[in-house]
Amino acid sequence: MKALVYTAVGQKALREHPKPEIAAPTDAIVRVTKTTICGTDLHILKGDVATCKPGRVLGHEGVGVIECVGTGVTNFKAGDHVLISCITSCGKCDYCRRQMYSHCTTGGWILGNSIDGTQAEFVRIPHADTSLYPIPAGADEEALVMLSDILPTGFECGVLNGRVQPGSSVAIVGSGPIGLAALLTAQFFSPAVIIMVDLDDGRLAMAKKFGATDIVNSTDGTAAEQVMKLTGGIGVDTAIEAVGIPATFELCEKIVAPGGVIANIGVHGTKVDLHLESLWDRNMTITTRLVDTSSTPMLLKSVGAAKIDPKQLITHHFKLDDIIAAYEAFGHAAHTHALKVIIEN
Ligand SMILES: [Zn+2]
Ligand SMILES: [Zn+2]
C-alpha cells in the first residue's frame, strides 16, 4: 500500500509499505478515506518526538471504512464507517477507568508515533471497540476529520481545563488550527470576551469570522498591553496557550487575571520561565493536558446537530498521491493560508 513514511530527521517519503494485518483479537484494519496533517507531524519531522522512529507511517487523524476486525471486536464489523480517535484506549486500565485515555497503559497517543498511523491507504487500530467511533449515516465525513484530534484538543485542554464560563473573558494565544478549535468550542459556554492573539493578520481575520470579539497582532511586542487595555486593566479569566513556545506561555503569565487559569495546549520543546514573583499572590491556576478525547461523543452530537461547524477549518484538499505537496502547503501556512488540509484516498 501507499504510505507517508518518516524516513530520517527532516525527511519523509510517499512510498510502498506493507499493508497492516490484525495483530491482536481487539484490532481492526481501517481503509482510510480521509486524513489530515497535524502540527505534531511537523514536530516529528524536525526530530522533536523521541518516541517516533524513522520508518514510521505518520498521521493520527482520519475517517475510514472497516476492512476487517479481530475476533475480539464486538462493536464494529467490515463495512462500518468510522471516526479514528488520535488517542487509543483499552477502556480497562486505571487511567482509562478515570477517562484519562491519553495515559492508557497500552494505548494513548501511539498512532503515527510508536505504531504506524493514518497517512496511508490502511491503518491498524488497536483496542478498536474503544478507539473508534461509528459515523452516523448522512454525516459530513470531512468535517468529522476535525474530531480526531483538534476539536477535542482545543476543547478539553483549552476550554474545559481553562474553565471558560458564561460572561467570562478568554484570550487565546495562537490562531492556528488548534487555537481556532478552542475558539469554536469556547463558544459553547458563551464567554463575554474572546481575544485572539497571533502574528498573522490573515489568521486573525479568520478568527474574527469564527467568533473572536477582539483580535491582537503581537508582532510589535505590545500584546500584553493591548490585552490589558481590552480588559480594563484586569486581564483575562482564561488564557489559553495554543502555540508551544516560551514567548506565548510568558504572554499568558502576563495577561491572566486574579483567580484566572492558564490552560496550556502547546507542545513545548524547551523550558519556559515561570514568573512566580508576579504570580504567587494571584490565586491563579496553570493546567496542562494531553487530549483524552473523552469529549468526542459530545462533539459528534454537536456537529450532527449543526451547533458547531468544524468544516470551516478546512482550507485545502489533496489526494494521497500528492501528500508531499500537502505537507508543503501546511508547512508554509503564512504564505498558503492553510489551516487544515484534507488528504483523500
Ligand atoms: Zn495532532
Ligand atoms: Zn487503558
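## Reading the fold, one feature at a time

Q: Which residues of helix H12 (residues 323-331) are buried?

A: This is a predicted model. In helix H12, the buried residues are Ile323, Ala326, Tyr327 and Phe330. They span an arc of only 100° around the axis, which puts them on the same side of H12.

Q: Why do residues three or four places apart point the same way in an α-helix?

A: An α-helix has 3.6 residues a turn, so residues with that spacing share a direction.

Q: What do the buried residues of H12 pack against?

A: Several elements meet them. The buried residues of H12 pack against strand E1 (2-8), strand E2 (11-16) and strand E15 (314-319). Helix H13 (333-336) and strand E16 (340-344) are also packed against by these residues.

Q: Which residues of helix H11 (residues 296-304) are buried?

A: Read H11 in the same manner. Its buried residues are Thr296, Leu299, Ser302 and Val303. Their arc around the axis is only 120°, which puts them on the same side of H11. Pro297 and Lys301 are exposed on the other side of H11.

Q: What do the buried residues of H11 pack against, and what follows the helix?

A: The buried residues of H11 pack against strand E8 (132-134), helix H4 (141-144) and helix H5 (150-160). Ala306 follows H11, and the phi of Ala306 is positive, near 60°.

Q: Now the whole chain. How many helices and strands are there?

A: The chain has 13 helices and 16 strands.

Q: How does the radius of gyration of the chain agree with that of a compact globule?

A: The general idea is to set the chain beside a globule with as many residues. For 345 residues, a compact globule would have a radius of gyration near 20 Å. The chain has 20 Å, which agrees. Along the principal axes, its C-alpha atoms fill a box of roughly 60 × 40 × 40 Å.

Q: What share of the residues counts as buried?

A: Of the 345 residues, 51% are buried. Contacts add to the picture. Take those between residues at least 6 apart in sequence: 69% of them join residues at least 24 apart.

Q: Which domains does the domain assignment give?

A: Check whether a domain is one stretch or several. Domain 1 is 2-149 + 292-344, and domain 2 is 154-287, according to the domain assignment. Their centres, taken over C-alpha atoms, are separated by 27 Å.

Q: How many residues of each domain are in contact with the other?

A: 16 residues of domain 1 are in contact with 13 residues of domain 2. On the domain 1 side, helix H1 (residues 39-45) gives the largest share, three residues.

Q: What is the order of the strands in the open sheet?

A: Order in a sheet is read across it. Here six strands form an open sheet in the order E11-E10-E9-E12-E13-E14, with parallel pairing. Strand E11 (214-217) and strand E14 (285-287) are the edge strands, each pairing on one side only. Neighbouring strands are turned by 15° against each other on average, direction ignored.

Q: Which helices lie on this sheet?

A: Among them are H7 and H8. Helix H7 (residues 201-209) lies across strand E10 (193-198) and E11, at about 170° to E11. Helix H8 (residues 223-230) packs on the sheet and touches strand E9 (169-173), E10, E11 and E12. The direction of H8 makes about 160° with that of E11.

Q: How many bridges join E12 to E13, and how many join E9 to E12?

A: Count the bridges for each pair. Five bridges join strand E12 (residues 236-241) to strand E13 (residues 256-264). Four join E9 to E12. Both pairs run parallel.

Q: Which residues stand opposite one another?

A: Follow Thr238 in E12. Val170 stands opposite Thr238, and the bridge partner of Thr238 in E13 is Val261. Further, Ile240 stands opposite Ala263 in E13.

Q: Is E12 covered or exposed?

A: E12 is mostly covered. Six of its six residues are buried.

Q: Where is Ala242 found?

A: Ala242 is in the loop between E12 and helix H9 (246-255).

Q: Why does Ala242 count as buried?

A: Burial is judged by counting neighbours, and 20 or more other C-beta atoms within 10 Å make a residue buried. Ala242 has 30 C-beta neighbours inside 10 Å, so Ala242 counts as buried.

Q: Which residues are in contact with Ala242, leaving aside its neighbours within four places in sequence?

A: Among them are Gly158, Ile172, Val173, Gly174, Ala182, Ile265 and Gly266. Gly266 is 24 residues from Ala242 along the chain, with 4.9 Å between their C-alpha atoms.

Conventions: Residues are numbered from 1 along each chain as its sequence is written. Chains are lettered from A and ligands numbered from 1 in the order in which they are written. This is a predicted model: local features need pLDDT of at least 70, side-chain atom pairs count only at pLDDT 80 or more; totals for chains, interfaces and linings use all residues. Two strands pair if DSSP finds at least two bridges between them. Helices (H or I, at least four residues) and strands (E, at least two) are DSSP runs, numbered from the N terminus. Axes are lines fitted to C-alpha atoms, for helices over the stretch in contact, and angles run from 0 to 180 degrees between N-to-C directions. Two residues are in contact if their C-beta atoms, placed from the backbone, lie within 7 Å. The radius of gyration is taken over C-alpha atoms; the globule rule is 2.2 Å times the number of residues to the power 0.38. A residue is buried if 20 or more other C-beta atoms lie within 10 Å of its own, exposed if 12 or fewer, and partly exposed in between; C-beta atoms are placed from the backbone. The arc is that of the directions from the helix axis to the C-beta atoms. Domain bounds come from an automatic or database domain assignment.
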